[in-house]
Structures are given as C-alpha cells and as structure tokens.
Amino acid sequence: MFLRQGVRVIVVAVLGLLVGAGGASAATDHVVITGGAVVPAGQTAGDVVVLDGTVRIAGHVTGDVVSVSGPVRVTGRVDGDLIAVSDRALLGSTARVGGDLRYGDERPVLARGARVGGKISNEDWADAANGWGWVSLLGWWLAVSVSTLIVGALLVLLAPTALYAAERAVRERLGATVAWGVAIAIGVPLLAVLALITLVGIPFGVALLLAAVPVLLVAYVTSAWIVGRRVLRSRSTSPWAALFAGWGILRLLALIPVAGALVGLAATVVGLGALAVALWRAGRPGASAVRPEPPAPGRPAPAA
C-alpha cells in the first residue's frame with residue numbers, strides 16, 4: 001500500500017509538472033508547485049495548475065483549473081474544465097464552469113445557483129491506481145531495465161575511459177565522490193524548481209529537468225558497472241562482464257519494495273559524484289589517461 005501510494009504521488013507530480021510546463025507559455029497562466037494560487041475578483045488568468053495548495057478563483061479563468069492536492073474554491077468563472085484530484089471542489093452560488101467538473105477522492109459541493117456547463121464525473125483515479133498498480137510497477141521496472149542496459153552498452157562502446165575514471169574516483173576519493181553526488185542530486189532539482197516557480201525561468205527549468213533524465217541514467221549505469229567490476233575483479237576484466245553483472249544485481253534489488261528504491265537512489269548519487277570527480281580530474285593540467293587494472297596474479301586476462 002505504501003509503495004503504491006508513493007508511486008501514485010510521484011506520477012501525479014510529474015504529470016502536473018509537465019502539464020504546467022506546457023501551459024505556462026502565456027504570462028497570465030498560474031503554475032504553482034506549492035503554496036496555492038488566487039485569482040482575485042476582477043482579474044483574468046489563463047490555465048491554473050497547482051500541485052500542492054489551496055486554489056481560489058474569484059475572477060475569470062480562460063483555461064482549465066487543475067488541483068492535485070488541495071481544495072478548490074470557485075466563486076468566479078472558469079471557461080475550461082475544473083479538475084480536483086485529491087481534495088474537494090467548492091463552488092459558490094456565483095460560480096460558473098464552462099467545461100467539465102472532474103474529481104477524484106472528494107465529491108464536490110455546489111451551492112444553489114452554481115452552474116457547470118459540462119458533466120460532473122468521478123474519475124476513480126485512486127481505484128485505478130490500486131487495481132493496476134502492480135502492472136504499472138512491472139512496466140516501469142522493465143522500461144528502466146531496458147533503458148539502463150542500452151545506456152550501459154553505449155558507455156562501454158563509446159566511453160570506457162570514463163567508466164574506469166569513475167571507478168578510480170570511487171576507489172580513491174569516496175568521501176568527495178559521495179559529497180559531490182549529494183550536492184548535485186539536491187542542487188539541480190532545487191534549481192529547476194526555483195526556475196519553474198519564477199515563471200520567467202520556466203524554459204530553463206524544463207530544459208534542466210529534461211537534461212537530468214539521461215544524466216541520471218548514465219550515473220545509475222556507471223554505479224552498476226563499478227559494482228560489477230568489484231564483484232568480478234578476480235574473475236574477469238571484461239567491461240562487458242562488469243556491465244551485465246552490476247546491472248543484473250541492481251535490477252534484481254530494484255524488485256524489493258522500498259529497499260530497492262533506496263539502493264537505486266544511492267547508486268545514482270554515487271554515480272553522479274564519481275562522474276563529477278572524474279570530470280574534474282580530467283580537466284586538470286597534466287592529467288594522465290586512466291587505464292584498466294591488470295588481472296589478478298595467476299589468472300590470465302580474458303578477451304574483452
């Protein structure tokens with residue numbers, strides 16, 4: 001139950017960000033991560049998308065109103081749809097909604113005189129998530145597994161030196177590696193969220209979030225490869241063997257509820273730090289190329 005709820009919250013939040021990013025091109029749109037939004041009487045806004053907070057519409061909204069978590073109070077006019085995912089929508093006697101009124105957990109309350117031009121419907125988002133939760137989780141696991149394997153194969157083919165440099169960073173500068181990984185994992189999303197909140201920086205924030213996806217995949221795969229190298233150190237120096245071994249271990253651990261997610265987070269953070277330290281070292285004057293370690297004494301090195 002806890003895992004399903006966590007996945008549901010994450011999915012809804014990401015969808016909210018995408019909807020908000022796509023609808024924030026107009027200066028009058030309101031896209032809020034947390035804190036709520038207010039359209040006062042006599043004022044006009046475009047779309048209003050709020051992930052967490054109270055929404056109050058006393059003026060005129062020419063687009064849609066979407067609230068993921070928080071109550072919605074309407075005494076003005078909404079030309080588009082009104083969507084309340086997990087809290088109650090309250091329509092005053094002067095409220096006018098031109099489109100549909102869709103709700104999830106809480107049934108809306110309409111005062112006498114309130115008007116809804118479209119249909120009022122319960123979408124049962126929670127029931128759908130509960131019923132198909134295991135299917136979506138399995139699909140997500142398969143998608144991540146395939147994508148990370150592809151990224152790992154590209155890294156082994158195109159950038160093996162970067163993998164060896166990252167492994168060296170973990171081996172020689174573990175403290176700095178972890179510190180850099182934590183700083184990047186916290187700092188980059190925070191910077192993106194701040195850019196989204198300012199509205200002016202929305203293009204930068206969206207670009208930063210989109211760029212983070214391949215970077216996180218590379219970081220995760222880098223940690224998987226390092227894990228494979230540690231496991232097979234005395235058996236094989238093949239970078240391909242390290243990739244398959246480490247990837248298989250992390251993807252099996254990912255099937256464990258909660259613990260698998262924590263392992264994946266730790267692997268991504270360490271991978272980010274290792275790549276950052278390796279990049280910093282490579283940029284220093286006189287930096288030497290990183291070469292694979294020789295095989296263990298007494299064992300011939302297999303072909304790569």
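This note goes through the predicted model point by point, from confidence and overall make-up to individual strands, loops and a helix.

1. **Confidence.** The model is predicted. Its average pLDDT is 80, and 79% of the residues score at least 70. The start of the chain is another matter: over residues 1-27 the pLDDT is below 50. Beyond near neighbours in sequence, that stretch has 28 contacts in the model. Residues 294-304 also stay under 50. For them the model has 10 contacts beyond four places in sequence. I would read contacts from either stretch with these scores in mind.

2. **Overall make-up.** The protein has 304 residues, of which 37% are buried. Its secondary structure comprises 8 helices and 16 strands. About 16,200 Å² is exposed, and carbon and sulfur atoms supply 69% of that area. Among contacts with a separation of 6 or more, 34% join residues 24 or more positions apart.

3. **The sheet from E2 to E14.** What is the strand order in this open sheet of 5 strands? The order is E2-E5-E8-E11-E14, with parallel pairing. Strand E2 (37-39) and strand E14 (109-110) are the edges, each pairing on one side only. Inside the order, strand E5 (residues 55-57) is joined to strand E8 (residues 72-74) by 3 bridges. Here Val55 stands opposite Val72.

4. **The sheet from E3 to E15.** A further open sheet, again of 5 strands, runs E3-E6-E9-E12-E15. Its pairing is parallel. The edge strands are E3 (44-45) and E15 (115-116), and each pairs on one side only. At the E15 end, 2 bridges join that strand to E12 (residues 96-97). Arg96 has Arg115 of E15 as its bridge partner.

5. **Strands E4, E7 and E10.** Strand E4 (residues 48-52) runs parallel to strand E7 (residues 65-69), and 4 bridges join them. Val48 stands opposite Val65, while Val49 has Val66 as its bridge partner. E7 is also joined to E10, by 3 bridges, and these two run parallel as well. On that side Val65 stands opposite Leu82. Val65 therefore appears in both pairings, opposite Val48 in one and opposite Leu82 in the other, with E7 itself largely enclosed by the rest of the structure.

6. **Burial of E4 and E7.** Why is strand E4 called largely enclosed by the rest of the structure? Because 4 of its 5 residues are buried. The argument for E7 rests on its own count: 4 of the 5 residues are buried, so E7 too is largely enclosed. In a regular strand the side chains alternate between the two faces of the sheet.

7. **Asp81.** This residue lies in the loop between strand E9 (77-78) and strand E10 (82-84). Is Asp81 buried or exposed? Its relative accessible area is 18%, so it counts as buried, the limit being under 20%. Its side chain reaches the backbone nitrogen of Asp100 at 2.7 Å. Leaving out residues up to four places away in sequence, Asp81 touches Gly63, Asp64, Val65, Gly99, Asp100 and Arg102. Asp100 is thus both a contact of Asp81 and the residue whose backbone nitrogen the Asp81 side chain reaches, at a buried position.

8. **The loop before H7.** Ser236 sits in the loop between helix H6 (202-231) and H7. It is buried, with a relative accessible area of 16%. The Ser236 side chain reaches the backbone nitrogen of Ser238 at 3.1 Å. Ser238 in turn caps the N-terminal end of H7. A side-chain oxygen of Ser238 lies 3.3 Å from the backbone nitrogen of Trp240.

9. **Helix H7.** Does the length of this helix agree or disagree with the expected span? H7 covers residues 239-253, 15 residues in all. At 1.5 Å a residue they should span 21 Å, and the end C-alpha atoms are 21 Å apart, so the two agree. The buried residues of H7 are Pro239, Ala242, Leu243, Gly246, Gly248, Leu250 and Arg251. An α-helix has 3.6 residues a turn, so residues three or four places apart point the same way. The buried set is worth viewing along the helix axis with that in mind.

Note on methods: Residues numbered from 1 in each chain as written. Heavy atoms only, no water. Buried < 20%, exposed > 50% of the residue type's maximum accessible area, 1.4 Å probe, protein only. Polar contact = N/O pair within 3.5 Å; in protein donor to acceptor, adjacent residues only side chain to side chain. Contact = heavy atoms within 4.5 Å. Expected span 1.5 Å × (residues − 1). pLDDT = per-residue confidence, 0-100. Pairing = 2+ DSSP bridges. Areas by Shrake-Rupley, 256 points an atom, 1.4 Å probe, with all protein chains shown as cover.
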